[in-house]
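Thanks for coming. I have one structure to go through today, and I will keep to what can be read from the model itself.

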Amino acid sequence: MDKQIIILFGQPGAGKGTQAELLVDKLGFHHFESSKVLEAFYKKEDPEKVVVADGENFKVGDEIIRWKTGLLNSPKFVVALFSQKIKDLADEGESIVFSGSPRTAYEAEKEIPLFIGLYGLENIKLVVLEISAEATIFRNSHRKICDLMRHTILFTPETENLTKCPLDGSDLVARKGLDDVETIKKRIQVFHDETLPVLEIAERFGLRAHKINAEQTVADVHKDVLAAIK
Ligand SMILES: [Zn+2]
């Protein structure tokens, strides 16, 4: 089978991370997690190094400070870094699942043509996990996170009484800080303002959005994802 790129798209709490991990487990995809890619880069890279991205210079140390203080990293810098990582993965023959990227219009404009160039349009699938605003707020405010690997566990009928992480067995704890209702509403607003435009851009590049009801059980959503990416 040809190598694929799957873009899982949806609001916070739609289950993108969970569905991505299932594709890793069942089909051997590489899970491209933006925050982990940034973290790994900052750990190994010299802070004095200057990265040239789209004609601008970015000092790695400045980006590390932005990252540590919770500011967004410069989009041009992020896209340059991600593009290199995506090329490396393509060279290694990996199929990739994205669970939170492209996140902005700028990222989509740059990365989608790169995906198409590396994998071919027919091998890129855009899967939209649809969930109501009410469900997003409920799931996020009830979500748990595992102690060991920070896997997030969405609130669903199957996970309601879970106390151990199904992936590594460590204790599940409530996620602090990120998940109060006002913060969640803000994240949903940011999604609408900054991330939703990615869909139109993807369609303009010829991708078709496969819409899935993400309020079903995790297993049923996974079945629909598999059908969508065939
Ligand atoms: Zn875990």
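I will start with the nonpolar cores, go on to two helix pairs, then a few single residues, and end with some backbone details.

One point before that: this is a predicted model.

So, the cores. Which residues have the most contacts inside the largest nonpolar core? They are I6, I7, L8, F9, V97, V127 and L129, and the core as a whole has 28 residues. Several elements feed into this core. Strand 1, at 5-9, strand 5, at 96-98, and strand 6, at 124-130, each supply at least two residues. On the helix side, helix 1 (16-27), helix 5, helix 8 (197-204) and helix 9 (218-229) each supply at least two as well. Strand 1 gives the most, with 5 residues.

Take V97 as an example from that list. Leaving out residues up to four places away in sequence, V97 touches I6, L8, A20, L23, F29, H31 and F32. There is also a second, separate core, of 7 residues, and F58, V78, L81 and F82 are among them.

Now the helix pairs. Helix 4 covers residues 75-91 and helix 5 covers residues 105-119; their axes come within 10 Å and cross at roughly 15°. An angle under 35 degrees counts as roughly parallel, and therefore helix 4 and helix 5 are roughly parallel to each other. Their crossing is right-handed. From helix 4, the contact uses P75, V79, F82, S83, I86, K87 and A90. From helix 5, the partners are Y106, E107, K110, E111, L114, L118 and Y119. Sorted by type, the residues of this contact are 9 nonpolar, 1 polar and 4 charged. You may remember F82 from the second core.

The other pair is helix 6, residues 133-141, and helix 7, residues 181-195. Their axes also come within 10 Å, but cross at roughly 130°. Helix 6 and helix 7 are therefore oblique to each other. This crossing is right-handed. Helix 6 brings A133, T136, I137, N140 and S141 to the contact, and helix 7 brings V181, I184 and I188. The split here is 5 nonpolar, 3 polar and no charged.

Next, three single residues. Is V225 buried or exposed? V225, which is found in helix 9, is buried, because 24 other C-beta atoms lie within 10 Å. Not counting residues up to four places away in sequence, V225 touches Q19, V127 and I212. V127 was on the list of residues with the most contacts inside the largest core. For a sense of scale, V225 and D46 are 179 residues apart in sequence and 40 Å apart in space, C-alpha to C-alpha.

I201 sits in helix 8. It has 18 C-beta neighbours inside 10 Å, so I201 counts as partly exposed. With the same sequence neighbours left out, I201 touches A105, A108, E109 and I112. I201 and R66 are 135 residues apart in sequence, and 28 Å apart in space from C-alpha to C-alpha.

L167 is in a loop, between strand 8 (152-153) and strand 9 (172-174). With 13 other C-beta atoms within 10 Å, L167 is partly exposed. Beyond residues up to four places away in sequence, L167 touches M149 and H151. L167 and M149 are 18 residues apart in sequence and 9.1 Å apart in space, C-alpha to C-alpha.

Last, the backbone. Most residues other than glycine have a negative phi, and most peptide bonds are trans. With that in mind, there are a few places to look at.

Where is the cis peptide bond? It joins S101 and P102, with omega at about -5°. P102 lies in the loop between strand 5 and helix 5.

D54 is not a glycine, yet its phi is positive, at about 50°. D54 lies in the loop between strand 3 (50-53) and strand 4 (56-59). It counts as partly exposed, because it has 13 C-beta neighbours inside 10 Å.

R150 is not a glycine either, and has a positive phi of about 60°. The loop between strand 7 (144-146) and strand 8 holds R150. R150 is exposed, because 12 other C-beta atoms lie within 10 Å, and 12 or fewer is the cut-off for exposed.

That is the end of my list.

Key:
Residues numbered from 1 in each chain as written. Predicted model: local features only at pLDDT ≥ 70, side-chain atom pairs only at ≥ 80, totals over all residues. Axes fitted to C-alpha atoms, helices over the stretch in contact; angles between N-to-C directions. Helix = DSSP H or I, 4+ residues; strand = E, 2+ residues; numbered from the N terminus. Parallel < 35°, antiparallel > 145°, perpendicular 65-115°, else oblique. Left-handed = near helix turned anticlockwise from the far one by under 90°. Contact = placed C-beta atoms within 7 Å. Nonpolar A, V, L, I, M, F, W, Y, C, P; charged D, E, K, R; others polar. Core = buried A, V, L, I, M, F, W, Y, C linked by C-beta atoms within 7 Å. Buried ≥ 20, exposed ≤ 12 C-beta atoms within 10 Å, placed from the backbone.
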